[in-house]
Amino acid sequence: MAQCKVTLKDGSERWYEQGTTFADIAASIGPRLAREAVAVKVNGEVWDLARTLEQDAAVAFLTLDDPEGLDVMRHTCAHVMAQAVSRLFPGVKFAIGPVIEHGFYYDFADHTFTPEDLPRIEEEMKKIIAADYPVVREVVSREAALAMFREREDRFKVEIIEELPADAVITIYRQGEFVDLCRGPHLPSTGRIKHFKLMSIAGAYWRGDASREMLTRIYAVAFAKKSDLDAHLAYLEEQRQRDHRRLGKELGIFMLSKEVGQGLPLWLPNGAKVRRVIERYIVDLEERLGYHHVYTPHLASVELYKISGHWEHYHEDMYPPMQMDNEELVLRPMNCPHHMMIYKSELRSYRDLPLRIAELGTMHRYEMSGTLAGLQRVRAMTLNDAHIFCRPDQIQEEFTRVVQLIQRVYKDFGITDYYYRLSYRDPNDTHKYVQNDEMWELAQSMLKQAMDDLGLAYVEAPGEAAFYGPKLDVQVKTALGKDETLSTVQLDFHLPNRFELEFIGEDGKPHRPVVIHRGVVGTMERFVAFLLEQYKGAFPAWLAPVQARVASVSDEFAGYAEQVAEQLRDAGFRAEADVRPEKIGYKIRQAQVQKIPYTLVVGERERANGAVSVRKYGEGDLGQMPLSAFIAMLRDVVDRKELLVKP
RNA sequence: GCCAGCGUAGCUCAGCAGGUAGAGCAACUGACUUGUAAUCAGUGGGUCGCAGGUUCGAUUCCUGUCGCUGGCUCCA
C-alpha cells in the first residue's frame, strides 16, 4: 500500500497508508484529539472524519473550538431537526437547511408548524442525539439520487439535483432511518451535538423568490458549551431591552397608531427635542462645509418624476397620483428632482461647481406593510439629503469629503460599530436599472478607486445599487441584529442627462455635471431609532430631551429649585424642576428611570451656598458644587458631546 | 404583499378545559414635608381590537377584518 505524507498544523509531517481514515489519523496523534475532533480540513477543504487519506495533504483537525468545527455541528444539528420533524410529522417535505450565524434553519413544506411544536421537536431531537446514530456519507449517481427523491416526492431536492452542474459529486447523508441530500461535511455521529435551542418559526419563499412557494422555516441556535448558549440567550434578551420601539415608548420619543396610519410616526415632545438638536447640528455643520440648505414642497407633479425616471422605476413605491385642476400630483418619494430644478434655475459656470444643495426633506414612500418597523422602517420620513453637482474631475474629491463628513458625524455621535458597503447593480438582473453599461462600469470602478485611495475597508454587494447608480452605504446593526443602511453616498450620471443639466466650461462650451446624492444622518427616523438602541435610551447630555432635572428635597426649597432650573434655561440648557411633594428618593428614581443625564438635588445645604448636589446618570452622586461650576461643567460636556455611558 | 403568532384598564401582564374580568405601575383624592433608585391609605378606570357565527350563555370556540410581532421579499 502506498504511503501518503500528512503535514499537520504545527508543520510536523507524518506518513500514513493510503486509505487510512482521518478518524484513525486523529487517534494516532492523541486520544484527546480523537475524542474532540469533529471534522478535518484537508488541503483547505472541510471533510468528514470517516473519509480516507488518498494523497499527500495538509491536514488540520477541527474541534468545536474552531468556528468551522462549530458550523459542522450546527449543520448536523439541522439534519437532526429535520429527522425529528420527519418522525413527528410524516409527509413533511424538506427544502434546505443551512448554517447561519449562531445556528441554523431548515425550510419545510406541506405542514404548518405552530410554536407549540417546537418543544416537541426539541424532545425528539434529544432522543436522536441520545441514540448516537452514525452519520454516514454516501456518493450516489445523479440517476440514483433523482430516483430516490422522486420516490419520496421531495420536489425541492429533485429541483436542487437537477440544477447541479454535470460534474458535481452528489452525496447523501444517512443517520438512522433519515437520509438527506447534502454536500456535508457532518459530525461522525448525532451524539456529538451539544447545546441547541429552537427559536422561532417564520415564512420564507423557496429560493428567496416571492413568486414561488412559501415554506415554513424553523430557526435554531446551537453552541458547543451550555454557557455559550446561555450567554447568547441572555444577549438576545438584553438586545430586546434596547429595542427602540420599547425605549421610544418608555421615554416618550414617538408613537404610532392605526388611526393616524401605518408607518406614520408622531414625534412626541421628547423625541422632537432630540430630533431638533440633531437637525440643528447637521444643518450647521453642512452649511459650514459649503452646503446650501433649501426647502421644497412635499407634493410634485407626476411630470417631474417622469422626467427623472422615478415614475418608470420607482412607481410602485409611490403613493398614487391625485388629480387636481389639470395637474396630476404625487407625494414625493425623494427630492432629487426638485434639486435638479434648483440647479437648472440659473446658468451655471464651471466656477460655480461643486454646488451642494441640501435639505431636510420629508418624503412619503409606500413601503410594504410587512416591512414596517417602529421608526426603522416608516412611510413618512425626513431625509438629511443633499445633491452635489460637480464636474467629473471633482467627483473623487467630493466623494472623499462626504466620507470624511460621515466619519466626523459618527465620531460626534459615538457610532463605532459600522461597515462600508459598495453596492453595485445585479449583473444578472440589469433590466431593473437604467440602461447604460458604460456608465455603470465607470461609476462602480470610480467608487471602488475612491475607497481604496481612502484606505477604507468595504464589502462589495452586487444587486444593492439604486436604479440610477452604484452607491456607498454605511451599514449598522439594529438591536435585533438586522443590518440597516444609516448613511449613503450615490453616484449619478443619469439624472443630469434626464434633466439635461449643464454648466459652461472653461472652453465656453456647455458640459454635463455629475450628481452625488448623499445622506449622512440618513433619515431622522432611522437615525434616532438607531441612537436609541446605541445609547440604550441614555442620550448624551448634548442630545438629551432634558439635560438636568432639579429635584427639591421638600416644599420649602421649591422656590430655589425653580430658580436653579430657570438659571440653567437662561444659560441655554434644557432643564426642569421637580417640586412635587414627594420624597427625594422617589424623584431621583424617576429621573434615573427617565435616563436624565443630571439630577440636581437641592435642599437647605445647597440653598445656603447657591449650590447644587449633582447626580449623574450611570455614575451616581458627584457631590455638591456651586451652580456656576455645574453650568461650566455641563457646558463642557455638551460642547465635547461627551457620551453619557460608555458603549 | 406573503407565512405564522399575538391583540385583556394609560403601561407591563394574569385570567387551567366557554358561566358578562384581576394584579403591579401610572392617574385621581387625602395624609406625610421628606437628603440620593419606589411613604402610606383610599378612589376611579376595561362593550377583553372590530364585525359576524356556533351556543341557553363567548374575553375564552369558528370565520372574516384591522393592527402589532417574528421572518421572507423589499429597503433610507
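Helix H16 makes the biggest contribution to the lining of the largest cavity, supplying three residues. That cavity belongs to a predicted model, and it is a good place to start looking around. The full lining is made up of Gln376, Val476, Thr478, Glu484, Leu486, Arg526, Phe530 and Glu533. Alongside H16, strand E25 (483–492) also puts in at least two residues. Sorted by class, the lining splits into three nonpolar, two polar and three charged residues. The space inside comes to about 40 Å³. How many cavities of 30 Å³ or more turn up? The count is one. As a general point, empty space like this shows up when a probe the size of a water molecule is rolled over the atoms.

Next comes an open space. The second largest pocket holds about 1,200 Å³, and 34 residues line it. Nearest to its centre are Tyr235, Thr478, Ala479, Leu480 and Gly481. Four elements give two or more residues each to this lining: E12, E13, helix H7 (226–241) and helix H16 (524–534). Of these, H7 gives the most, with five residues. The lining of this pocket has 16 nonpolar residues, along with nine polar and nine charged ones. Two names return here from the cavity: Thr478 sits in the list of cavity-lining residues and also among the residues nearest the centre of the pocket, while H16 supplies residues to the cavity and to the pocket.

Now for the RNA. Around RNA strand B there are 52 residues, and the ones that come nearest are Tyr205, Arg245, Ser369, Thr485 and Glu606. On the RNA side, sugar and phosphate make up 49% of the strand B atoms that come within 4 Å of the protein. Some individual contacts can be picked out. Gly203 uses its backbone, with an N or O atom 3.1 Å from a sugar or linking oxygen of RNA strand B. Tyr219 uses its side chain instead, with a polar atom 3.1 Å from a sugar or linking oxygen of the RNA. For Lys471, the partner is a phosphate oxygen of RNA strand B, 3.0 Å from an N or O atom of the lysine side chain. Several elements give two or more residues to this surface, namely strands E12 (195–205), E13 (214–223) and E32 (611–616), plus helices H8 (244–250), H18 (584–593) and H19 (604–609). Which element gives the most to the surface near RNA strand B? That is H18, with six residues. By class, the surface has 19 nonpolar, 14 polar and 19 charged residues. E12 and E13 thus appear at the RNA surface as well as in the lining of the second largest pocket.

Last up is a sheet. In general, the strands of a sheet pair through backbone hydrogen bonds, and they can do so parallel or antiparallel. Here, five strands form an open sheet in the order E2-E1-E5-E3-E4, and the pairing is mixed. Strand E2 (13–17) and strand E4 (45–47) each have a single partner strand, so they stand at the edges with one side lacking a neighbour in the sheet. On average, neighbouring strands are turned by 35° against each other, ignoring direction. At the E4 end, strand E3 (residues 39–42) and E4 run antiparallel and are joined by three bridges. Within that pair, Lys41 stands opposite Val46 of E4.

Conventions. Residues are numbered from 1 along each chain as its sequence is written. Chains are lettered from A and ligands numbered from 1 in the order in which they are written. This is a predicted model: local features need pLDDT of at least 70, side-chain atom pairs count only at pLDDT 80 or more; totals for chains, interfaces and linings use all residues. Side-chain values use heavy atoms; hydrogens and water are left out. A residue is near a molecule or strand if one of its heavy atoms lies within 4 Å of it. A polar contact is a pair of N or O atoms within 3.5 Å; within protein, one must be able to donate a hydrogen and the other to accept it, and residues adjacent in sequence count only if both atoms are side-chain atoms. Ala, Val, Leu, Ile, Met, Phe, Trp, Tyr, Cys and Pro count as nonpolar, Asp, Glu, Lys and Arg as charged, and the others, Gly among them, as polar. Two strands pair if DSSP finds at least two bridges between them. Axes are lines fitted to C-alpha atoms, for helices over the stretch in contact, and angles run from 0 to 180 degrees between N-to-C directions. On a 1 Å grid over the protein atoms alone, a cavity is a set of points where a 1.4 Å probe fits but cannot get out, and a pocket is an open set with protein on both sides within 12 Å along at least five of seven lines; lining residues have an atom within 4 Å of a point. Grid points are joined across faces, edges and corners, and a volume is the space filled by probe spheres set on the points.
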